[in-house]
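Trainee: I would like a close look at a single part of this model. Please take one sheet and stay with it before moving on to its surroundings.

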Amino acid sequence: MRAPILPPPRPPKKKRRRRKSLLLSLLGLGFAGFVIIVVVGSGIVGFVLMQASQDLPDYESLAKYEPPVMTRIHAHDGALIAEFARERRIFVPINTVPKLVIAAFLSAEDKRFYEHGGLDFKGIARAVYRMVDAKLRGVKRRAEGASTITQQVAKNFLLTSERTFDRKIKEAILATRIEQAFSKDKILELYLNEIYFGIGSYGVAAASLNYFGKELRDLTVEEAAFLAALPKAPNNYHPYRHKKAATERRDWILGQMYANNYISKEEAEKARKTPLTVNLRRFGAHIFAAEYFAEEVRRALLAQYGEERLYGGGLSVRTTLDPQLQRYAREALVDGLVSYDRRKGWRGPVKTIDVNEDWGLKLSKISVPSDFKPWRLGVVLSVEKKKAIVGLRPIKAKNGKIEDKREAVELFLEEVLWAKDVKTKKKPKAVTDVLSVGDVIYVAPKDYKKIDGAWSLMQVPLIGGGIVAMDPHTGRVLALVGGFSFGLSQFDRVVQAKRQPGSSFKPIVYAAALDNGYKPTSIILDAPIEIDQGPGKDVWKPENYSKKKSYGPTTLRIGIEKSRNQMTVRLAQDMGMPLITEYARRFGVYDDLLPVLSMSLGAGETTLLRMVTAYSMIANGGKSVHATLIDRIQDRWGKAVWRHDDRPCAQCQAEGWSGQPEPEIPDDRRQIIDPHTAYQMTSILEGVVLRGTARRLKKLGKTLAGKTGTTNEEKDAWFVGFAPDLVVGVFVGFDTPKPMGKGETGGRVAAPIFGNFMKKALADKPAVPFRVPPGIKLVRVNLKTGLRASPGDKNAIMEAFKPYEGPDDAYSVIGFSDHDGENYAPGQDYDPFTSGGGGFGGVPGGGVW
């Protein structure tokens, strides 16, 4: 029988107590150590957080944040003209951003955005785990970002982009505070309007326009996904330079959108199969040939609001530009400048290259301004007696790459006959007289609308010029072209060029006369005159354009129609130059015209825009208007901050029509001359077109009036004219004044440009007569004498008289003196009725025969 196993003897009770006490001591020490570590760690963390919190930016400033938004310039019909910005951004409220776009960005950047409190701890843990797991398994895996959208807002708005531990701590603190201060939608709004998307685009709305030419609501699923791919690294996902990487990133986001239940599997697959295509917008002027107009608007905004508000204030500017009239103006000016330039001959090719090598690549390296279209740069590949083959410069695609496409056109002899030798003036008899293989030249379709038709040899004109069209009733500038090419020269010949207007200033002189007692039938002596200009100065002897020829006593009307200089000086002398200076100021042609007689012939410098504005006051019945390129300006919130028409109209605020009469807006335009004077001047200027220096315009069959202007040695050529509701001015001249050539007058150079423009601008408008103000009397008079016309008089016209005026029975000659009587005294063979002018009209100051 085995002995029972007994338990070991228990230690003494005293020893058991000692062992328990030791264990408790060890536990106490461990707990105390843990507490110390926690306290010290918390203290360290607290200290780090306190230090990081001391110089944190004020996140509450986000509530007042107004991001820099581009200023946008629109034509009167709403078409976009241009945008001005350092950061091309369009601000959009979050409630206008489509849910599809929001889904794309949440899937790409922060899918738990509406769940976390600024820091996504679950996302951070998941990202770390997957990164470590991938490293251990040696698998390449896309690293997941752990920064939330709120953290990105904190970084982009309040911190720098430096990669430091201190910045990350501040970012985390700010993110939690931002979450407490702002709603999720506000945070998302800040993010979507601030982030950079590449190609100068800030904010999702601007990116949508600049990459796809679309508003946000029109984006497709794949387009929204591509935009969501860009904030991570815009340059790395450029749609042309890194198309493969961009497509992969887009497709990954589409997968995330499907995984997050924003789109269906079918939508995701369809979007993935769609090639990545963009439609990059060009910046600058968006309406062809509107660069000069856009630049003048930019200058005006800069002067009124300053640089910061112009480039970041988000102004919306509705301008006065009529895009169709702008195209007509551009075409008319270019054709006119080219026409003049061709009369001077062919100056030779742009350069010469070797066509045996890659001529297309060589041509592509030659810069061509974008506003040269439809002109094309080309090189002569072969040349014969009757024609040449011209290879065209390859057109650059929007991705900046050269399209591998070789185009060539035929250039026939008929289209190079204008190219006479500059020195010998000898006209070519064969194409080989003008062109050689390797010559780099410009060519253009003979008819711009028929690209497949004949092509012509072109030459960039050295002459400059400008054209401007205005609504005479409001001063609104409807079209403005300041030169042949904005790409070649930004100097604006409409607004910036100050030149002598020559005879185009005469209507201001004659309007002053008509407004002060003279009549269209008043007789002024057109004869040689000598003006003493003071000690040490030569005697001034003004001449007519026909030099030594004078025309004797002439009606005021014919003085304008035939542009007589000598009689204009005598008229100015009779009125006194201070009066003309005052009227020049009223019309806005000059601020302070020097009161010397030479100024009556347009010797003072002014701008084309000022001249057109002055003629508008004649055309509208004598009411003052101010030129403007802008109708109204709105701030970024849509509130109007400036209007050209600022007349009050309380009735215009009615919410609807309930039988009340139409609002009556007061006409606050100042009357600067008598309406009857304005019509008399209009009638006389109409005679310039019917019988005078601009009679080549008569064939248009429209109601037109205007005046030519030519300065000494034909250095400047002008024409300013108008229809009842449209005033147009043209100036042509070299930027550094020099003679344009004998016979290159306003009637030959500028008037045809005016005519070509008016032909298109008035094509669909009836030829209505000029408006006649109440009280005007129309009386049949003899054109040359100004006396009442007899029955059957072939020279009879209907002359306009004021209510208290009429043709004179007695006659007198203004500017007549005893010295003049030696040549024009009564009783001699000189006949004022048959010698190219003359007549009779009783005017104070005249010498009665």
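In what order do the 5 strands of the open sheet come, and what kind of pairing do they show?

Mentor: Keep in mind that this is a predicted model. The strands of the open sheet are arranged in the order E2-E1-E6-E17-E18, and the pairing is mixed. Its edges are strand E2 (80–84) and strand E18 (640–643), each of which pairs on one side only. From one strand to the next, the twist averages 15°.

Within this sheet, take the pair formed by strand E1 (residues 71–74) and strand E6 (residues 316–319). These two are parallel, with 3 bridges between them. In that pairing, His74 has Arg318 of E6 standing opposite.

A helix goes with the sheet. Helix H11 (residues 291–312) lies across E1, E2, E6, strand E17 (630–634) and E18. Its direction is at about 35° to that of E2.

For the setting, the protein chain has 849 residues, of which 50% are buried. Its secondary structure comprises 21 helices and 25 strands. Of the contacts between residues at least 6 apart in sequence, 71% join residues at least 24 apart.

Another set of strands can be set beside the sheet. Strand E8 (residues 376–383) and strand E9 (residues 387–392) run antiparallel and are joined by 5 bridges. They form a hairpin, with 3 residues between the two strands. Val383 is found opposite Ala388 of E9. E9 also pairs with strand E10 (residues 408–412), again in the antiparallel sense and over 5 bridges. On that side, Leu411 in E10 is the bridge partner of Ala388. Ala388 thus has Val383 opposite and Leu411 as its partner in E10.

Last, there is a pocket to note. The second largest pocket has a volume of about 1,100 Å³. It is lined by 39 residues, and those closest to its centre are Ser503, Asn544, Tyr545, Asn565 and Thr710. Strand E19 (705–710) and helix H20 (746–761) each contribute at least two residues to this lining. E19 gives the largest share, 4 residues. Sorted by class, the lining of this pocket holds 20 polar, 12 charged and 7 nonpolar residues.

To return to the part you asked about: the open sheet has E2 and E18 as its edge strands, and H11 lies across E1, E2, E6, E17 and E18.

Terms used
Residues numbered from 1 in each chain as written. Predicted model: local features only at pLDDT ≥ 70, side-chain atom pairs only at ≥ 80, totals over all residues. Heavy atoms only, no water. Pairing = 2+ DSSP bridges. Axes fitted to C-alpha atoms, helices over the stretch in contact; angles between N-to-C directions. Contact = heavy atoms within 4.5 Å. 1 Å grid on protein atoms, 1.4 Å probe; cavity = no way out; pocket = protein on both sides within 12 Å on 5 of 7 lines; lining within 4 Å. Points joined across faces, edges and corners; volume = space filled by probe spheres on them. Nonpolar A, V, L, I, M, F, W, Y, C, P; charged D, E, K, R; others polar. Buried < 20%, exposed > 50% of the residue type's maximum accessible area, 1.4 Å probe, protein only.
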